[in-house]
Amino acid sequence: MAIVKKKKVSTTPKSTPKENGLKRKLEVEDAQEAETPKVVKKTPKKKPLKKQNGTAATPVVEVEATPSSENGPKKKKKKVVKKVKLFEEEEKAPKQKAQLIDEDDDEEEFNIGNLDIQGDDDDDDDLRDDYSDDEEDEDNLPIEKKSAALDKIKEKMLKEGEEELQLNIANQEKFELPTVEDIEAEMKSAPNLEIVRQRIADVIQVLGDFKARRDPNKSRLQYVEVLQKDLCSQFGYNEYLMAKFMDLFPNGVELLQFLEANDNPRPVTIRANSLKVKRRDLAKNLINRGMNVDPAAEWTKVGLVVYDSQVPVGATPEYLAGHYMIQGLNSLLPVMALAPQPGDRVLDMCSAPGGKTSHIASLMKNSGVLFANDANFDRCRAIIGNLHRLGVNNTVVCNLGGEEFGKIRPNGFDRILLDAPCSGTGVIWKDQSVKTSKDSQDVQRRHTMQRQLILSAMDALDANSPNGGYLVYSTCSVLVEENEAVVNFLLERRHCELVPTGLTIGVDGYTRFRDYRFHSSLSMTKRYYPHVHNIDGFFVAKIKKLSNAKMSKQEVLEKEREKQENKKKSQAEEDSSDDKKKPAKKAGKKSKEDSDSEDDDGTAPFKNVGSGARANKKRRNQKKAQAKQDSLKEDDGFNTVGNIKKARKVKEFKARVPKRAAARTGAKAVKNKRKKMLAKQQ
């Protein structure tokens, strides 16, 4: 009897490349053997299989090949028999798939992923595997059984993946912090940016969970120094600015987002000129011109974003006709906060190149008076050109220093916009030189100039204006020294207060920042960041002037208290003096009666009797003049609104000669000259 070898058969009937090669070899050998006659005797032998579930398994038939003659090569024939046998077994294997599964259920592991799920629904036996339950399968439909089995496999795969992930995290190498000297030596040569970027990510990860991931021998300051050096080499900033930004954004992820946003340009935006066209009509015209535009944001009614354009944005007929102005969205914010009204007297203290000025004029509907000032004469030409193109005709262009307006026009404006010169740390993408050119001295100079400008602007504002008295201060910087510190300085020096800006977007300003402690009302200011709002870094504050006094709010309150106390004292003194004067008047009456009797007697001296009205009027005028001079010397800002002390003219010497004497002397001299001349002629 031939020995039947048990062979594990895969459930998939697909043939492998080895089997394909084996088939080709068999075909070649069969062709060679066909030339020599052979007699093959087949002896089928059946072997009964074990019963399973009460049914007998089908027998396995083995085929034996015996040579017809002994002359042929034996090795070759044996090899052929084995190959044919293997090939026949693999052909029978797919047909007996279900039988083998039932037979070798305990020996082999069945994979449900290899099942043909799209088969007939009657083959429920194929769905029974290690993940299914027989009791549940009886109640569920076949499609539910398949879905449940797949869900269980998916859960198992997810669990294994999570375990593998945790194992990888546990086996991960611990980050070793290099020293500052090593990083400085690395920066002298061309640094590998990939290594620097990976080190930045590792340090930020350690600082995020410093207690658990720190190196016991390293302090937080060392990690921060390494991070600062790497960020400077990665993004190209100097150490001063990078330290300021790290203080401003203590979260490392947010700091990276801010630095990356500074390198990316903002989208091109334009402002529709409402004096000439509506935004809807302008958008239609630009789309027909070949520009792809959309409304800029929900908070503005005049802004448009230009995604792409087939024509230059600054050379279209609409631009030349003054229908729009190329302007960033951040420059719309201070004008919206100022909210000028038609008929107001408005000053734009630093107005070049005229974008915000033209926006103010459009909101005022070309009414009232608008002063556009700039200290640079060349930039004033740009203001004039833009105002002419946009159709603005209520504006006066000035070329003065901003500090002069507090002296020239004190209390002369209803609303003032001060977009102060700054370091430009919010618009780094426009000027990359800011990364290395700004230092502490430059920021301090800007801080000093901004304080002078904001004091002058507040002095030029009229607190008694019926619908005004507002100052809007804005900068294109994100540094606290140029924003909250300047506004807090103004609150300490003048009688004013912060009011809500009326803007729906923005981050609240700082009331506490490291060593700074600001007024609590500074939370009403607004900050804008490029990585949060997709506009340039900006700051906006709106301030209302409460009185024209040149002193702080606290000093004004103390002055008012003193005035009230003095008033009360004076009233009390007047009351007491009235009480004392009443008996004195009676005595006076008696004395007058006595004097009258004396006069009657003729013993009293003679007195000039008259009304004295002219002398009393002169005395009153002298008192008024003296009081006015005293008030000019001590001007507290309450009662003398707009009074300016004028310089007195220098008195010239004039000879005072009577007119008659001058005329008489002149006529006599003429006569004498004539007489002398006549005498000489005779």
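In this predicted model, helix 10 and helix 11 lie oblique to each other, because their axes meet at about 130° and an angle between 115 and 145 degrees falls outside the perpendicular and antiparallel ranges. Helix 10 spans residues 239-248 and helix 11 spans residues 252-263, with 9 Å between the two axes. The crossing of helix 10 past helix 11 is right-handed. On the side of helix 10, the contact is formed by M242, F245 and M246, and on the side of helix 11 by L255, F258 and L259. Sorted by class, this contact comprises six nonpolar residues, with no polar and no charged residues.

Helix 10 also packs against helix 9. The axes of helix 9 and helix 10 approach within 10 Å and cross at roughly 120°, which makes helix 9 oblique to helix 10. Helix 9 likewise passes helix 10 in a right-handed crossing. Helix 9 contributes V224, L227, Q228, K229, L231 and C232 to this contact, while helix 10 contributes E239, M242, A243 and M246. The contact of helix 9 with helix 10 contains seven nonpolar residues, one polar residue and two charged residues. M242 and M246 of helix 10 thus take part in the contact with helix 9 and are also listed in the contact with helix 11.

Aromatic residues recur in this part of the chain. Y237, F245, F249, F258 and Y529 form one aromatic cluster. Of these cluster members, F245 of helix 10 and F258 of helix 11 belong to the contact between those two helices.

In total, the structure contains eleven aromatic pairs. One of them is formed by Y319 and Y324, a tilted pair with a centre-to-centre distance of 5.5 Å and an angle of 55° between the planes. Both Y319 and Y324 are buried. Another pair involves Y510 and F513, whose ring centres are 5.1 Å apart; the planes of Y510 and F513 stand at 55°, so this pair is tilted as well. The surroundings of the residues in this second pair were assessed by accessibility. Y510 has a relative accessible area of 22% and is therefore partly exposed. F513, by contrast, has a relative accessibility of 10% and so counts as buried.

Ahead of helix 9 in the sequence, K218 is located in the loop that joins helix 8 (210-213) to helix 9 (220-235). K218 has a relative accessibility of 18% and therefore counts as buried, since the cut-off for a buried residue is under 20%. When neighbours within four places in sequence are left aside, the contacts of K218 are L177, T179, F210 and Y223. Among these partners, L177 lies 41 residues from K218 along the chain, yet the C-alpha atoms of K218 and L177 are separated by 8.1 Å.

At the level of the whole chain, the secondary structure amounts to 24 helices and 15 strands. The chain has 682 residues, of which 33% are buried. Considering contacts between residues at least 6 apart in sequence, 70% connect residues at least 24 apart. The contact between K218 and L177, residues separated by 41 places along the chain, provides a local example of a contact between residues at least 24 apart.

Notes: Residues are numbered from 1 along each chain as its sequence is written. This is a predicted model: local features need pLDDT of at least 70, side-chain atom pairs count only at pLDDT 80 or more; totals for chains, interfaces and linings use all residues. Side-chain values use heavy atoms; hydrogens and water are left out. Axes are lines fitted to C-alpha atoms, for helices over the stretch in contact, and angles run from 0 to 180 degrees between N-to-C directions. Helices (H or I, at least four residues) and strands (E, at least two) are DSSP runs, numbered from the N terminus. Angles under 35 degrees count as roughly parallel, over 145 as roughly antiparallel, 65 to 115 as roughly perpendicular and the rest as oblique. A crossing is left-handed if the near helix is turned anticlockwise from the far one by less than a right angle, and right-handed if clockwise. Contact means heavy atoms within 4.5 Å. Ala, Val, Leu, Ile, Met, Phe, Trp, Tyr, Cys and Pro count as nonpolar, Asp, Glu, Lys and Arg as charged, and the others, Gly among them, as polar. Rings of Phe, Tyr and Trp (its six-membered ring) pair if their centres lie within 6.5 Å; planes under 30 degrees apart count as stacked, over 60 as edge-to-face and the rest as tilted. Buried means under 20% relative accessible area, exposed over 50%, partly exposed in between (1.4 Å probe, protein chains only).
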